[in-house]
Amino acid sequence: MSENINAGNPRRRDGKKVVLSGIRATGNLHLGNYFGALSKFVRMQDDYDCRYFVADLHALTTHPDPKMLHENVKDILAEYLAAGLDPEKNTIYVQSDVPEISEMYLLMNMHVGIGELMRTASFKDKARKALGISTGPSNGQEGSVENEADDEGIEKQIIGNQTNQRVNAGLLTYPTLMAVDILIHHADFVPVGKDQEQHLELTRRFARRFNSFYKTPYFGEPVNFNFGGHAVKVPGLDGSGKMGKSEGNCIYLIDDEKTLRKKVMRAVTDEGPKEPNSPVSEPINNLFTLMELVSTPDTLEHFRNAYADCSIRYGDLKKQLAEDILKITLPIRERILDIRNNDEYLSRVVRQGAERAREAASQTLREVREIMGIRKF
Ligand code: ADP
Ligand code: TRP
């Protein structure tokens, strides 16, 4: 096999480029997930051959709860559909419904070093959490693939750990599984938020390594997709940092009107500008960033001007912000409630999705086995 299959990728439907992305089944989706990932999924569905999945195997690396897993999968699925993903246009599936992924994960692991996995920033952060070590976060996965500074520290702590707490091997090999999710579809684009770019960099590295080891240009190199802009980071309501499940500062798509208004009205602010054209503090800047995502340019300009001439009233700003968020989330919430309990519909969607996903995945797996020398008698 010597031709570059990805160059004229026969797996593309109607000659469209392949888009692949997923979200872990670990809880309801918030505005960070929506603007960082899901709204991009929806915008891409008409122009690309899109495959979107619910990452339930990845959820097991940190949330192994047999009572909740299936419910969490249904939540994400309902939220995908409610946000506007059309199951006819897209391939929508559950990761564990495609067993080819698990087999290819095993094969790909033969070409991945435990050292490079241990040096991955996201692994170090999650390993620290698992061991209850709070010292120095390895700067949020946003830099290059490896963060050398505290390698030795965390590796020693993991290996020498004598407590009952464990860092499971699935967490270590998380990037292999994610690379396989992507490469098994020969994806061109992977729409994700900024915090996932490091995993994409590893995916490209594994693809190059496979190609060079087997001397065949088999895999292409997938990239993030941001409609020409840069990856967004949605801030939380607590004055600093990003909106995230573990940060406890989220507005969820499923929040009802009262809950949502209350959360926005409680957002952290400051004492207000004392003189014209004062610099904007982080909590207020975060509110403006949210407004940029949900409000009209006129509304944003109105409040920016009011800040500049000191006439701003934060109560009014928050009321407007809540109003504009609700315009986006309330229709989605209604559809979520509609779809979430329609088991028959959900199972129809994922059965069809799994069938399509397995078609592409089984072809890749067959070729990978062939390239690696696994032959049938
Ligand atoms: P969380 O951080 O809440 O656990 P996930 O890690 O499950 O969210 O993220 C799922 C998707 O949403 C990823 O593509 C991620 O980059 C994106 N995402 C999560 N939080 C944000 C945020 N605050 N801003 C932008 N994108 C985000
Ligand atoms: N790691 C991603 C996250 O935490 C989820 C994910 C798993 C994913 N496999 C993927 C995203 C493949 C894009 C492509 O959000």
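Visitor: What gives the most to the shell around ligand 2?

Guide: In this predicted model, helix α9 does, with four residues. Both α9 (174-183) and β1 (18-24) supply at least two residues of that shell.

Visitor: What makes the link between Tyr174 and ligand 2 a polar contact?

Guide: A polar contact needs a pair of N or O atoms within 3.5 Å. An N or O atom in the side chain of Tyr174 is 2.7 Å from a nitrogen atom of ligand 2, so the pair qualifies. Asp181 also places a polar side-chain atom 2.7 Å from a ligand nitrogen, and for Gln196 the distance is 2.9 Å. The protein covers 90% of the 370 Å² of accessible area that ligand 2 has on its own.

Visitor: Why is the aromatic pair of Phe41 and Tyr52 called stacked?

Guide: Ring centres must lie within 6.5 Å and the planes under 30 degrees apart. Here the centres are 4.4 Å apart and the planes 10° apart, so the pair counts as stacked. Phe41 lies in helix α1 and Tyr52 in strand β2, so the pair ties together parts 11 residues apart in sequence.

Visitor: How do you know that Phe41 is buried?

Guide: Buried means under 20% relative accessible area. Phe41 has 0%, so the word fits. Tyr52 is buried too, with 0%.

Visitor: Why does the charged end of Arg43 count as sitting over the ring of Phe227?

Guide: For Arg, CZ must be within 6 Å of the ring centre and within 35 degrees of the ring normal. The charged end of Arg43 is 3.7 Å from the centre of the Phe227 ring and sits over that ring.

How values were computed. Residues are numbered from 1 along each chain as its sequence is written. Chains are lettered from A and ligands numbered from 1 in the order in which they are written. This is a predicted model: local features need pLDDT of at least 70, side-chain atom pairs count only at pLDDT 80 or more; totals for chains, interfaces and linings use all residues. Side-chain values use heavy atoms; hydrogens and water are left out. A polar contact is a pair of N or O atoms within 3.5 Å; within protein, one must be able to donate a hydrogen and the other to accept it, and residues adjacent in sequence count only if both atoms are side-chain atoms. Accessible areas come from the Shrake-Rupley method with a 1.4 Å probe; for residues, only the protein chains shown count as cover. Rings of Phe, Tyr and Trp (its six-membered ring) pair if their centres lie within 6.5 Å; planes under 30 degrees apart count as stacked, over 60 as edge-to-face and the rest as tilted. Buried means under 20% relative accessible area, exposed over 50%, partly exposed in between (1.4 Å probe, protein chains only).
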